[in-house]
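These are my notebook entries from an afternoon with the model, kept in the order in which I looked things up.

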Amino acid sequence: MTFQVPCPNCGPRPVEEFTTTGEVRERPVESPSRRDLSHYIYFRRNARGVQTEWWYHRFGCELWFLADRDTHDNRVLETRLPTSSRGEW
Amino acid sequence: MKDIFRKRRMWRAPTRLKDSYDAVVIGGGSHGLATAYYLAEHHGMTDVCVLEKSYIGSGASGRNTTIIRSNYRTPEGARFYKRSVELYEQLSQELDFNLMFSQIGHLTLAHSDRAMITMAERAEVNQLFGIESRLIYPDDVKDLCPEIDVSSDVTWPILGALYHEPGGIIRHDAVVWAYARAADRLGAEIHQNTEVTGIGVSNGRVTGVQTNRGSIECDTVVNCTAGWSTTLADMVSVDLPIWTSILQAFVTEPVKPFLDVVIVSSQMHVYLSQTDRGEFLIGAEVEPYSTYSNRGTLPFLESSARHVLELFPQLSGCKVLRQWTGICDMSPDYSPIMGMTEVEGFLVDCGWGTYGFKAAPIVGVTLAELVATRKTPDLIEPFKLERFYADRPVSELAAAAVSH
């Protein structure tokens, strides 16, 4: 067993059922400079600790959701649906 | 005769750090130690220390699958790694240490038409730079490796392969030890169990390094910490386009020698070779999520073993001896990130992902030149950090990643 990810729909499932697109990044403002846009596209905080990530239940209910995961030990602390009010879109 | 019983240290173990050094290299792996060696050997800079938080070679340098090759896809990559292989060929002589570099040849299998096209492209680029590399077909694969299953009634039949003759395997610990001994003899200091806790910056320039064993003044710091690159860069607020993940590998029990070529299959996500001891050394790809946790996983072992058995069914009774992980600093374009940053004196050598070990000698040569002359050598000009701000990646995905 690697670790489990609690899907908001399906509950704890093996990580192999999911894909992730990595940490949530703050999107640049409208018409960003090339530098700002490149920073958004390529650069990562790559935290050694808890970070918020996008996860997708690919071999399951096909839900996109957010997960707070500790990259130090892979523990998933919390998963939730994204809300635009939290600036996570 | 009595000399062979005399205990000798291969490098000194300095008891205290000096107050200042001309340059500080963080990370005692093959890259950091090679840099220290070439700084002394090529540029006469001996007031250098290498700081290693554990023991030297404890990271990726001692965990990789020891494969050396230069059959890359991009011109920038091919000429860079070609120089590295040439340096490796001379390295045992130069460092007076038997590195057991066996240039047994390297086969990258193609299981689809698309893969055959990619292999043909790589062969063309390689030949332009004088790298021995060519496309071969299943009969040739069978000639080179009689034990491999080239039949057509399998999940992924072998349609051909990219054959790279100078590729091979090496004794990776010896590379670390040889560079350490050579750097130490020329005057560089190697400090093990010395963890960097902070890097001093004033007016945009590096002023020193804080460690768990005291502080050092210096104006040049080279970050050779692979998977931990981001944690060091955070100390000086330099952003990096790096995500950290683990790469896994395992070895089987030793068996009678029957494989004398390196086999890679990107379709199956495996690469394997038979070591001089007879063990099958099998590696794979990074986990698809970022992690700093050095914990191996069972799904990796299952899928890699299954794929290896498709190529070599005769290994089905073979036991797995051990499995391990290494922490990798993945860059967006699968090319390294080397050179200066916006903080003067803070140099990075990161983004080495899953292909850093094979570049150690040329990294040492070029980084040493950069530190000593403050000019970026031509070979690493395309690998500057600045390329990501300019949106000009050097995409090595086709030849560097197992997954594509």
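**Entry 1, the sheet.** I began with the sheet of chain B in this predicted model, where eight strands form an open sheet of mixed pairing, and I wrote down their order as 5-6-4-14-15-16-13-17. At the edges I found strand 5 (134–136) and strand 17 (320–330) of chain B, each of which pairs on one side only. From one strand to the next I noted an average twist of 20°.

**Entry 2, strand 4.** I then turned to strand 4 of chain B, which covers residues 106–110, and asked which strands pair with strand 4 of chain B, and in which sense. With strand 6 (residues 160–164) of chain B the pairing is antiparallel and rests on five bridges, while with strand 14 of chain B the pairing is parallel and runs over four bridges. Leu109(B) let me follow both pairings from one residue: Leu109(B) stands opposite Ala161(B) in strand 6 of chain B, and in strand 14 of chain B the bridge partner of Leu109(B) is Ser265(B).

I also wanted to know how strand 4 of chain B is covered, and found that five of its five residues are buried. On one side I listed His106(B), Thr108(B) and Ala110(B), and on the other Leu107(B) and Leu109(B), all buried, and both faces of the strand are therefore covered.

From the first of these faces I picked Thr108(B). Is Thr108(B) buried or exposed? Its relative accessibility is 4%, and because the cut-off for buried is under 20%, Thr108(B) counts as buried. Leaving aside neighbours within four places in sequence, I found Thr108(B) in contact with Asn71(B), Met119(B), Arg122(B), Gly160(B), Ala161(B), Leu162(B) and Val264(B).

**Entry 3, strand 14 and Ile263(B).** Moving on to strand 14 (residues 262–265) of chain B, I saw that three bridges join it to strand 15 (residues 270–274) of chain B, and that these two strands run antiparallel. Ile263(B) is found in strand 14 of chain B, and its bridge partner in strand 15 of chain B is Leu272(B). I recorded a relative accessible area of 0% for Ile263(B), and so this residue is buried. Beyond its neighbours within four places in sequence, the contacts of Ile263(B) are Leu107(B), Leu109(B), Cys145(B), Ile148(B), Val270(B), Tyr271(B), Leu272(B), Leu311(B) and Phe312(B). I also took one distance from here, to Gly198(B), which is 65 residues from Ile263(B) in sequence and 42 Å from it in space, C-alpha to C-alpha.

**Entry 4, the two domains of chain B.** The domain assignment of chain B gives domain 1 as 13–64 + 173–240 + 333–400 and domain 2 as 103–167 + 243–330. I noted 30 Å between the centres of domain 1 and domain 2 of chain B, taken over C-alpha atoms. Where they meet, 15 residues of domain 1 of chain B are in contact with 14 residues of domain 2 of chain B, and the two bury about 1,200 Å² between them, 57% of it on carbon and sulfur atoms. Which three residues supply more than any other three of the area that domain 1 of chain B buries against domain 2 of chain B? I found them to be Arg63(B), Gly227(B) and Thr354(B), which supply 40% of that area. When I looked for salt bridges between domain 1 and domain 2 of chain B, the count was zero.

**Entry 5, chain A and its contact with chain B.** Chain A has one helix and six strands, and along the sequence I read the pattern as β-β-β-α-β-β-β. Its C-alpha trace spans about 45 × 25 × 20 Å along the principal axes, and buried residues make up 39% of the 89 residues in chain A.

For the contact between the chains I noted 25 residues from chain A and 28 residues from chain B, with about 2,200 Å² buried between them, 51% of it on carbon and sulfur atoms. On the chain A side, Tyr42(A), Phe43(A) and Asn46(A) lose the most area to chain B, together 32% of what that side buries. I looked for salt bridges here as well and found one across the interface of chain A and chain B; the side chains of Arg35(A) and Glu386(B) meet in a salt bridge at 3.1 Å, N to O.

Key
Residues numbered from 1 in each chain as written. Chains lettered and ligands numbered in written order. Predicted model: local features only at pLDDT ≥ 70, side-chain atom pairs only at ≥ 80, totals over all residues. Heavy atoms only, no water. Pairing = 2+ DSSP bridges. Axes fitted to C-alpha atoms, helices over the stretch in contact; angles between N-to-C directions. Buried < 20%, exposed > 50% of the residue type's maximum accessible area, 1.4 Å probe, protein only. Contact = heavy atoms within 4.5 Å. Domains from an automatic or database assignment. Buried area = accessible area lost by both parts, 1.4 Å probe. Salt bridge = Lys/Arg side-chain N within 4 Å of Asp/Glu carboxyl O.
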